[in-house]
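Please load the model in your viewer and keep the sequence panel open beside it, since each stop on this tour begins with a selection.

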Amino acid sequence: MTFHIDLNSDLGESFGTYVMGQDEHVLELVSSANVACGFHAGDPHIMNKTVKWAKEHHVGIGAHPGFPDLMGFGRRNLNVTPEEAYTLVLYQIGALHGFCSAHDVRLQHVKPHGALYNMASKDPELANAIAQAVKDFDPELILFGLANSELIRAAQDAALPYASEVFADRTYQPDGTLTPRVEKNAMIRDEQTAIDQVITMVKESKVTAVDGSIIDIEADTVCVHGDEPSALAFIKALRKRFDEENIVIERIGNL
């Protein structure tokens, strides 16, 4: 049996003279790119360059809106109202869309970043606000959300196309949420353990939580982080294992 999966990465997170990640090389290996929109990271120059590179590699382009928090890289919870979340997301989608239009390439999806993503995964009102912003901009945009989360439910309620996202290098709590990064066991550092987790999520729709319990999970797209020193080696190893397991990488817009 052949399985199909989208492989996404958070990119375009450099800004000014600050360089983060290995975007040019990662874009050769993934099928979808989540491009920072200048709030948690990125800047107009980097956004333009990332869209250009993604187009050259036929990679699906998504807006990656986050909180306006460069100092905290968008990973700190901010007390925002649903209306504020709506305008923050709408603004950032529009910013990236401008560069997509300039390069004559379609914006494929939207994936909230960091704390905004995690908060909306649990908060129905915040999730609804994000889904509404996406729908008001373009009802054909695909909303990425944590599998089994409020973001997925909000997309369903808004009749938006959506993709249930799973993470290659993150551990899961018994309720299906990601282990907070402040905890020591939040990240999976062993390459083989991370790859095994991905294969199980894709082929069996299961993941083992930190307490040993088994969670049902739907995997439409897998997030691989491109900012770690070992990122390229990990993605290449994951792709090799996909070939062995009859898992075909295909951009989410084609699935």
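**Two helix pairs**

Begin by selecting helix 7 (residues 191–204) together with helix 8 (residues 231–244), which pack at an angle of about 45° with their axes 10 Å apart; the axes are lines fitted to C-alpha atoms, for helices over the stretch in contact, and angles run from 0 to 180 degrees between N-to-C directions. Helices (H or I, at least four residues) and strands (E, at least two) are DSSP runs, numbered from the N terminus. This is a predicted model, in which local features need pLDDT of at least 70 and side-chain atom pairs count only at pLDDT 80 or more, while totals for chains, interfaces and linings use all residues. Residues are numbered from 1 along each chain as its sequence is written, and side-chain values use heavy atoms, with hydrogens and water left out.

How are helix 7 and helix 8 oriented to each other? Helix 7 and helix 8 are oblique to each other, given that angles under 35 degrees count as roughly parallel, over 145 as roughly antiparallel, 65 to 115 as roughly perpendicular and the rest as oblique. The crossing in which helix 7 passes helix 8 is right-handed; a crossing is left-handed if the near helix is turned anticlockwise from the far one by less than a right angle, and right-handed if clockwise. To display the contact (heavy atoms within 4.5 Å), show Glu-191, Gln-192, Ala-194, Ile-195, Asp-196, Val-198 and Ile-199 on helix 7, and Ala-233, Phe-234, Ala-237, Leu-238, Arg-241 and Phe-242 on helix 8. Coloured by class, the contact of helix 7 with helix 8 has nine nonpolar, one polar and three charged residues, where Ala, Val, Leu, Ile, Met, Phe, Trp, Tyr, Cys and Pro count as nonpolar, Asp, Glu, Lys and Arg as charged, and the others, Gly among them, as polar.

Next, select helix 4 and helix 5 (residues 124–137), which pack at an angle of about 115° with their axes 6 Å apart, and look for the left-handed crossing in which helix 4 passes helix 5. Here Leu-116, Met-119, Ala-120 and Lys-122 of helix 4 meet Pro-124, Leu-126, Ala-127 and Ile-130 of helix 5, and the residues of this contact divide into seven nonpolar, no polar and one charged.

While helix 5 is still displayed, pick Lys-135, which has its place in that helix. Lys-135 is partly exposed, with a relative accessible area of 34%; buried means under 20% relative accessible area, exposed over 50%, and partly exposed in between (1.4 Å probe, protein chains only). Not counting residues up to four places away in sequence, Lys-135 touches Ala-158 and Leu-160.

**Buried side chains**

Now centre on His-113, in the loop between strand 4 (107–110) and helix 4 (114–122). Is His-113 buried or exposed? At 3% relative accessibility, His-113 counts as buried. Its side chain makes a polar contact with the side chain of His-40 at 3.5 Å, the term standing for a pair of N or O atoms within 3.5 Å, where within protein one must be able to donate a hydrogen and the other to accept it, and residues adjacent in sequence count only if both atoms are side-chain atoms. Leaving aside neighbours within four places in sequence, the residues in contact with His-113 include Glu-13, His-40, His-64 and Phe-73.

His-40 leads on to Asp-69, since not counting residues up to four places away in sequence, Asp-69 touches Phe-39, His-40, Gly-74, Arg-75 and Arg-76. Asp-69 lies in the loop between strand 3 and helix 3 and counts as buried at 7% relative accessibility, and its side chain makes a polar contact with the side chain of Arg-76 at 2.5 Å.

Then select Thr-50 in helix 2 (residues 44–56), a buried residue with a relative accessible area of 1%, whose side chain reaches the backbone oxygen of Ile-46 at 2.7 Å. Leaving aside neighbours within four places in sequence, Thr-50 is in contact with Leu-11, Gly-12, Asp-23, Leu-27 and Val-35.

**Positive phi in two loops**

Finish with His-58, in the loop between helix 2 and strand 3 (60–64), where phi is near 60°, a positive value in a residue other than glycine; His-58 is exposed, with a relative accessible area of 63%. Asp-104, in the loop between helix 3 (82–102) and strand 4, has a positive phi of about 55° although it is not a glycine, and counts as exposed at 67% relative accessibility.
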